[in-house]
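Here are my notes for a first look at this one. Have the model open while you read, and take the points in whatever order suits you.

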Number of protein chains: 2
Amino acid sequence: MATISFARGVPSADLLPVDELKSAIARAMDKDATGMLLYGDPMGYMPLRTWIGDRWGFDAAGVFVTNGSLQAFAFLAEVLFAGSGGRAAVEAPTYDRTILTLKRFGATVDAYPLLEDGIDVDALEAAIKAGKTPGLVYIIPNFQNPAGNVTTLAVRQRLVDLAAEHGFWIFEDDPYGDLRFSGNDVARMVDLDTAGRVIYSTSFTKTIAPGIRAGALLLPEELRKKMAYIANQTYIGAVHFAHAAVAEYCAAGEFDKGLDRARPQLEARKDALVAALDTHLGDRFTYRAPEGGYFLWGKLEGVDCDALLPKATEAGVPFVKGSDFFVDDSGKDHLRLAFSAVKPEEMDEGIARLAQLL
Amino acid sequence: MATISFARGVPSADLLPVDELKSAIARAMDKDATGMLLYGDPMGYMPLRTWIGDRWGFDAAGVFVTNGSLQAFAFLAEVLFAGSGGRAAVEAPTYDRTILTLKRFGATVDAYPLLEDGIDVDALEAAIKAGKTPGLVYIIPNFQNPAGNVTTLAVRQRLVDLAAEHGFWIFEDDPYGDLRFSGNDVARMVDLDTAGRVIYSTSFTKTIAPGIRAGALLLPEELRKKMAYIANQTYIGAVHFAHAAVAEYCAAGEFDKGLDRARPQLEARKDALVAALDTHLGDRFTYRAPEGGYFLWGKLEGVDCDALLPKATEAGVPFVKGSDFFVDDSGKDHLRLAFSAVKPEEMDEGIARLAQLL
């Protein structure tokens, strides 16, 4: 019985742009072998920084390219919290690695409920008034991991206003924003921000391939030197050999072509998952179908998903249990289903297997 | 006036194996596109781990491949010292980034004089008896950076014995060991070690190219899980796209061919540097010519090299001032000349320019 994995937020192997990347790296070596083979700028490979700046509307001087955006977030957590401590605010639920990284560098993590329209800003504001002002607020505004929802414009604007007023940083983690398959884009916080408090994060993991490990932050000026210093001390320069391939791939227009290929494929997977859930779980499973991204999040009423997981893994249908995404004991009746790497024709069997375990 | 830089320990652009790497990455993509483009093992890309294990005589299960060996050392410093503190011992002088990394993660750094035969083991042993036992001893045994010398077998054996007796780790940092152009190899500490206290570190920066950012540790079993965990939390997997190219390059026999090309070139550069020093500085500069590696280290009697550096940089002959390699105020009359990236025909002019500033 082959495994049908709903666990990892990983692109499907059959959708990877293999030929395009193979040709991109060959062109990169022809153009700039010395630039990509010697040490480079700790802020990242300049042709890629320039392309990212142009696409996301930012001066290349503030674009910081690292070996995956997680490494960039670890640098930031070290810069902001190591040695000094402080508070960080996250959505509940949120990406599990973020919680671990913040704690690793000494932050106290406060979680605020993720409502339908985004983080509970009233609760955040009340906490600030009570003296619990965070140094950093971490938000996944588009197709949130794990919840799949989108933060509304109103909540984004309030967050940006609060950041300006209280002087905290907002980390706008946006690896999925380009993977919308229905509905309309919402303005980015970095574009609403007039006080320079938003650090926008983008990643090529979900839109090109994870193995090239390329992520980028758009850094406010105040943070650039500190981040470059810590990158220089950690790895001197990022892996320019890989990032030059990404730069060449992007410059050739392949990035947008890849998105155009991926979006309908992801939507078909989401549709197949929704159909399978309705068929096999019906009212037992409460969820909202996402308009983009990789994940569907929901509640299995009265089911202990922590206990279900080992059985599901044995049945070849692993998922991620909801409790992983909370700092406290919440989420035990929730689970996250990643539909990105499951083919539409496998969905029905996968969910049927899961339903049989209940 | 073109710059003739003696500053950076970087391979010469004209010696980079461009064609070999271009062909290696194409073969890697043909063989294992999915393996190198999806997420991978936090311990590193397995075909490269296997090749490294075979070459350096280690079980691949203990080979930990990261984005440069500096990143690996930062992981280790975090695992050993973050939150808990403790002592680390280094040679004086030693690699400047090592001192900064150890301090960054909270270690107290004790420096012991680097004598002609290696670190002053008597001083280290006396300090241990006085209660200053380090958690980690950091040694560059071959063609030391900056001093260029080689730790003798007797000193290596004593260090290994002390580590077994007192339970500290030895970090054997060996990026230059394969770049010997005269004299004989000395046994590695990792091979003398029967107590499992040596962490051997190798790097492809000096033997293939820096921009591929590939380094590896041979990890004792006790440290593997902790190191894999922290790598997973920091970047999930290393840059497999680049490391697959390295694996293919190495498997095709290009690694040894590259060493055979590099050694005589480096020796010719060292010879030209020695001749230029004798011509232009004579008795004013005291040094020992290295038998391998990238660096020549020496003393400019009565000269303040901290003050000389800005003038030398302006004259287009930057170097690294000796004081950078010490934790205290020592080394002001020393400097490090990297000969790796200076062509033999440029040496005479470079040193002549330097001599004119004195």
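The points below go from the core outwards to rings, sheet, helix and loops.

1. Before anything else, keep in mind that this is a predicted model. Every point below is a reading of that prediction.

2. Start with the core. The largest nonpolar core has 253 residues. Those with the most contacts inside it are A:Phe204, A:Phe241 and A:Leu337, along with B:Phe204, B:Phe241 and B:Leu337.

3. If you want one residue to click on there, try B:Leu337. Leaving out residues up to four places away in sequence, B:Leu337 touches B:Phe6, B:Leu273, B:Leu277, B:Phe285, B:Tyr294, B:Phe295, B:Leu296, B:Phe319, B:Ile351 and B:Leu354.

4. How many disulfides does a search of the whole structure find? The search comes back with zero over all chains. As for single cysteines, A:Cys250 counts as buried because its relative accessibility is 3%, under the 20% cut-off. B:Cys250 is buried too, at 2%.

5. Aromatic rings are worth a look: the whole structure has 36 aromatic pairs over all chains. One of them joins A:Tyr138 and A:Phe171, which are stacked at 5.7 Å centre to centre, with 15 degrees between the planes. A:Tyr138 belongs to strand β5 (residues 136-139) of chain A and A:Phe171 to strand β6 (residues 169-173) of chain A, so this pair ties together parts that are 33 residues apart in sequence. Both rings belong to buried residues: A:Tyr138 has 1% relative accessibility, and A:Phe171 has a relative accessible area of 1%.

6. Two more ring features. A:Trp51, A:Trp56, A:Phe204 and A:Phe255 are linked into a cluster by ring pairs; you met A:Phe204 already among the core residues with the most contacts. Then there is an arginine over a tryptophan: the charged end of A:Arg197 sits over the ring of A:Trp169, 3.8 Å from its centre. In chain B, B:Arg197 lies over the face of B:Trp169, at 3.8 Å from the ring centre.

7. Now a sheet in chain A. Four strands make an open sheet in the order β9-β10-β12-β11, with antiparallel pairing. Which strands stand at the edges? They are β9 (285-287) and β11 (320-321) of chain A; each has a single partner strand, so one side of each is left without a neighbour in the sheet. Strand β9(A) is joined by three bridges to antiparallel β10 (residues 295-300) of chain A, and A:Phe285 stands opposite A:Leu300 in β10(A).

8. Helix α12 (residues 344-356) of chain A has these buried residues: A:Met347, A:Gly350, A:Ile351, A:Ala352, A:Arg353, A:Leu354 and A:Ala355. Their cover includes α10 (254-280), α11 (305-314) and β12 (334-338) of chain A.

9. Check two prolines in chain A. The peptide bond from A:Ala92 to A:Pro93 is cis, with omega near 10 degrees, and A:Pro93 is in the loop between β2 (87-92) and α4 (96-104) of chain A. The bond from A:Asn145 to A:Pro146 is also cis, with omega near 15 degrees; A:Pro146 is in the loop between β5 and α6 (153-166) of chain A.

10. The loop between β5 and α6 of chain A also holds A:Phe143, which has a positive phi of about 50 degrees although it is not a glycine. Is A:Phe143 buried or exposed? A:Phe143 is buried, with a relative accessible area of 2%. In chain B, B:Phe143 has a positive phi near 50 degrees and is buried, at 1%.

Conventions. Residues are numbered from 1 along each chain as its sequence is written. Chains are lettered from A and ligands numbered from 1 in the order in which they are written. This is a predicted model: local features need pLDDT of at least 70, side-chain atom pairs count only at pLDDT 80 or more; totals for chains, interfaces and linings use all residues. Side-chain values use heavy atoms; hydrogens and water are left out. A nonpolar core is a set of buried Ala, Val, Leu, Ile, Met, Phe, Trp, Tyr and Cys residues joined through side-chain atoms within 4.5 Å. Buried means under 20% relative accessible area, exposed over 50%, partly exposed in between (1.4 Å probe, protein chains only). Contact means heavy atoms within 4.5 Å. A disulfide is a pair of cysteine sulfur atoms within 2.5 Å. Rings of Phe, Tyr and Trp (its six-membered ring) pair if their centres lie within 6.5 Å; planes under 30 degrees apart count as stacked, over 60 as edge-to-face and the rest as tilted. Helices (H or I, at least four residues) and strands (E, at least two) are DSSP runs, numbered from the N terminus. A charge sits over a ring if NZ of Lys or CZ of Arg is within 6 Å of the ring centre and within 35 degrees of the ring normal. Two strands pair if DSSP finds at least two bridges between them.
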